[in-house]
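Thanks for coming. I have one structure to go through today, and I will keep to its bound ligands. Please have a look at it before I start.

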Amino acid sequence: MDDQLLAIARAAKGFMPDDEGLALHEAALAASLVVGGPMLEIGTYCGKSGVYLGAAARAASTVLFTVDHHRGSEENQSGWEHHDLEVVDPRTNRMDTLPFFRSTIEAADLEDAVVAIVGYSLPVARAWATPVSFLFIDGGHALDVAMADYEHWAKNVKAGGTLAIHDVFEHEADGGQAPFKVWQRAVADGYEPIAAVGSLRTLRR
Ligand code: SAH
Ligand code: MG
């Protein structure tokens, strides 16, 4: 990734440490170059991971679709650990991260490589039929929500393509267990673990 894009990714609001973002970028680029096809992200937030992935999409001459209702996950709401008052719309008192995403992608000059899909994950998944080279699951982290994302989206990953899951913590002391359970489920379903960088896990379909 070039220095300017890296600086924008690092400065964006969000939940993607730089080493994991770079690993995400490399994994998405490799998958897309090997099997071809667009990339898909569940959990856009303010576009931080979208810059790492969007840069990979551009380098592979494809696009990243990124799905989010932009109302925040449970853990982003007021009173929870990951709440940020700045992303609350004063008009409605609800979270709205879409304007932050827009300005991140505009600053990164990635508007032609990153396509926002604004909505709930499952209704979009039910209408989705395009095979993808790379799927990144980083949406809601409650077990039912995370597992439903896996069940509805993973089937779109091409054979030889890559599934990536964020916030995978093997030990409860390090974080919530839902993404780890999704990772275990994917392994049981035959996905082959490729790599782990921080809490990012990649698997090959
Ligand atoms: N990838 C981001 C972080 C994502 S945070 C980064 O790099 O910073 C998780 C996001 O998932 C939140 O923005 C939340 O709005 C979204 N989300 C949670 N449940 C969802 C659902 N059911 N459908 C769509 N988006 C959802
Ligand atoms: Mg995450």
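I will take ligand 1, then the metal, and then the residue they share. One thing to keep in mind is that this is a predicted model.

Start with where ligand 1 is. Ligand 1 sits in the largest pocket. There are 21 residues around ligand 1, and those that come nearest are F15, G43, S49, D68 and D138. Sorted by class, this shell has 12 polar residues, 5 charged ones and 4 nonpolar ones.

Now the polar contacts. At G43, a backbone N or O atom lies 2.8 Å from a nitrogen atom of ligand 1. At D138, a polar side-chain atom lies 2.8 Å from a nitrogen atom of the ligand. G140 also takes part through its backbone: a polar atom there is 3.4 Å from a nitrogen atom of ligand 1. As for cover, ligand 1 on its own has 590 Å² of accessible area, and the protein covers 94% of that.

Next, the metal. Which protein residues are donors of the magnesium ion, ligand 2? They are D138 and D167, each through OD, and H166 through ND1, at 2.1 to 2.2 Å from the ion. Along the chain, these donors follow the spacing D-x27-H-D. Of the donors, H166 and D167 are both buried.

That leaves the shared residue, D138. Its side chain has a polar atom 2.8 Å from a nitrogen atom of ligand 1, and D138 is also a donor of the magnesium ion. If you look at one residue in the viewer afterwards, I would start there.

Terms used. Residues numbered from 1 in each chain as written. Chains lettered and ligands numbered in written order. Predicted model: local features only at pLDDT ≥ 70, side-chain atom pairs only at ≥ 80, totals over all residues. Heavy atoms only, no water. Near = heavy atom within 4 Å. Polar contact = N/O pair within 3.5 Å; in protein donor to acceptor, adjacent residues only side chain to side chain. Areas by Shrake-Rupley, 256 points an atom, 1.4 Å probe, with all protein chains shown as cover. 1 Å grid on protein atoms, 1.4 Å probe; cavity = no way out; pocket = protein on both sides within 12 Å on 5 of 7 lines; lining within 4 Å. Sits in = over half its atoms within 2 Å of the grid points. Nonpolar A, V, L, I, M, F, W, Y, C, P; charged D, E, K, R; others polar. Donors = N, O, S within 2.8 Å, 3.2 Å for Na, K, Ca; no water. Buried < 20%, exposed > 50% of the residue type's maximum accessible area, 1.4 Å probe, protein only.
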